[in-house]
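Reader: I have not looked at this protein before, and I would like to be led through it step by step. Could you take my questions one at a time?

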Amino acid sequence: YLATVVVVDLRTKSRYEISAPGILATAPRFSPDGRHLAFLAERNVAPRPTLSNLIGQPVFRDPVKLTVVPLDPLATNPFPPKVDEESTVGAKDEPKKPDAAPALALREAAGRAFDAPVPAGEWKDLLWLDGRMLLLGTEGKLSSFDIGDRKLSDLAEGVDAMRITADGKRLLLTQAGKPRFLDLGPGARPK
C-alpha cells in the first residue's frame with residue numbers, strides 16, 4: 001500500500017498532499033521552526049534483495065530516503081551546500097532565527113520537495129531537533145545526523161521506539177521493552 005503525507009489548513013479546512021504520488025511516505029515531522037516538513041519516503045531508488053519472514057522468498061525492499069518540503073517558500077535551506085574552508089562566500093554564516101510565524105504556501109509545497117543529504121537506509125522513524133535529526137532503523141539502530149557536519153553517527157542499538165519527553169530535554173527510548181533515557185545534549189548516550 002502507499003501512504004501520503006497530507007497537511008490540513010485548519011482555518012480553511014483545505015487539504016494539501018505534500019508527498020509525491022507513488023511512494024510510501026511515513027513519519028512526517030515539522031522542523032523546529034515550523035517552516036519545513038520532513039518525512040521518510042520509500043520508493044525505487046536502489047532495490048536490494050531481502051528475505052521475507054512471511055513467505056520465505058526473496059523480495060525487494062527499497063531503501064528509504066529522507067525528503068524535506070519547504071512549507072514557507074522563503075525559508076532558507078536547512079541543508080545548505082557545504083562550502084570549503086578557504087572560501088569566504090557563505091562561510092560561517094549563521095542562519096537567522098525567524099521572529100514571525102512562517103508564511104506557509106501549502107498549495108505549491110509538494111513541488112519544492114527535495115531529498116536531504118542523509119544516507120538512504122531502512123529507516124522507520126525520525127525526529128527533527130535543532131541542528132540534527134534522529135533516525136531509527138528497522139533493525140533497531142538509532143542514528144544521529146548532524147545537519148551542519150553532514151555526519152551520521154550511531155547512538156544506540158536494539159531500540160524499539162523513541163519519543164521526546166514533554167520538557168524537550170531528553171529522548172525516551174524503549175530497548176527490549178525497557179525504558180531508557182537519552183539526554184539531547186551533544187554526544188549523549190542512553191542511560
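Reader: In what order do the four strands of the open sheet stand, and is the pairing parallel or antiparallel?

Author: This is a predicted model, and every value below is computed from it. The sheet is open, with strands in the order 3-4-7-8. Strand 3 (24–30) and strand 8 are its edge strands, each pairing on one side only. As for the sense of the pairing in this sheet, it is antiparallel.

Reader: How many bridges join strand 4 to strand 7, and which residue in strand 7 stands opposite L37?

Author: Strand 4 covers residues 36–42 and runs antiparallel to strand 7, with seven bridges joining the two. Opposite L37, in strand 7, stands V69.

Reader: How many helices and how many strands does the protein have?

Author: Strands of a sheet pair through backbone hydrogen bonds, either parallel or antiparallel. In this protein the secondary structure consists of strands without helices, the count being zero helices and 15 strands.

Reader: What percentage of the residues in the protein is buried, and what share of the exposed area comes from carbon and sulfur atoms?

Author: Of the 191 residues in the protein, 37% are buried. The protein exposes about 11900 Å², and the part supplied by carbon and sulfur atoms is 54%.

Reader: Which strands make up the open sheet of three, and in what order?

Author: Strand 13 (residues 159–164) pairs with strand 14 in the antiparallel sense over five bridges, and strand 14 pairs in the antiparallel sense with strand 15 (residues 178–183) over six bridges. The three therefore form an open antiparallel sheet in which strand 13 and strand 15 stand at the edges, each with a single partner strand, so that one side of each has no neighbour in the sheet. Neighbouring strands of this sheet are turned against each other by 25° on average, direction ignored. The order asked for is 13-14-15.

Reader: Which side chains of strand 14 point to the buried face?

Author: In a regular strand the side chains alternate between the two faces of the sheet. Strand 14 (residues 170–175) shows this alternation, with R170, L172 and T174 pointing to a face where they are not buried. The side chains that point to the other face, and are buried, are those of L171, L173 and Q175.

Reader: What are the bridge partners of I164 in strand 14 and of L173 in strand 15?

Author: For I164, the bridge partner in strand 14 is L171. For L173, the bridge partner in strand 15 is R180.

Reader: Over which ring does the charged end of R170 sit, and how far is it from the centre?

Author: R170 belongs to the side chains of strand 14 that are not buried. Its charged end sits over the ring of F181, and the distance to the ring centre is 4.1 Å.

Reader: What is the phi of A176, and is this residue buried or exposed?

Author: Most residues other than glycine have a negative phi, and most peptide bonds are trans. A176 lies in the turn of the hairpin of strand 14 and strand 15, which has two residues between the strands, and its phi is positive, near 50°. With a relative accessible area of 70%, above the 50% cut-off, A176 is exposed.

Reader: Where does R150 lie, and what is its phi?

Author: R150 is found in the loop between strand 11 and strand 12 (151–156). It is partly exposed, with a relative accessible area of 23%. Although R150 is not a glycine, its phi is positive, at about 55°.

Reader: How many aromatic pairs are there, and which residues form the aromatic cluster?

Author: The count comes to three aromatic pairs. In one of them, the rings of F79 and F114 have centres 6.4 Å apart and planes at 80°, so this pair is edge-to-face. F79 lies in the loop between strand 7 (64–70) and strand 8 (114–115), whereas F114 lies in strand 8, so the pair ties together parts that are 35 residues apart in sequence. The residues of the one cluster are F79, F114, W128 and F145.

Reader: Is F79 buried or exposed, and is F114 buried or partly exposed?

Author: F79 has a relative accessible area of 4%, which is under the 20% cut-off, so F79 is buried. F114 has a relative accessible area of 23%, and so F114 is partly exposed.

Reader: What kind of pair do F79 and F145 form?

Author: Both F79 and F145 are buried. Their ring centres are 6.4 Å apart with 45° between the planes, and the pair is tilted.

Notes
Residues numbered from 1 in each chain as written. Heavy atoms only, no water. Buried < 20%, exposed > 50% of the residue type's maximum accessible area, 1.4 Å probe, protein only. Pairing = 2+ DSSP bridges. Axes fitted to C-alpha atoms, helices over the stretch in contact; angles between N-to-C directions. Areas by Shrake-Rupley, 256 points an atom, 1.4 Å probe, with all protein chains shown as cover. Phe/Tyr/Trp six-rings, centres within 6.5 Å; stacked < 30°, edge-to-face > 60°. Lys NZ or Arg CZ within 6 Å of the ring centre and 35° of its normal.
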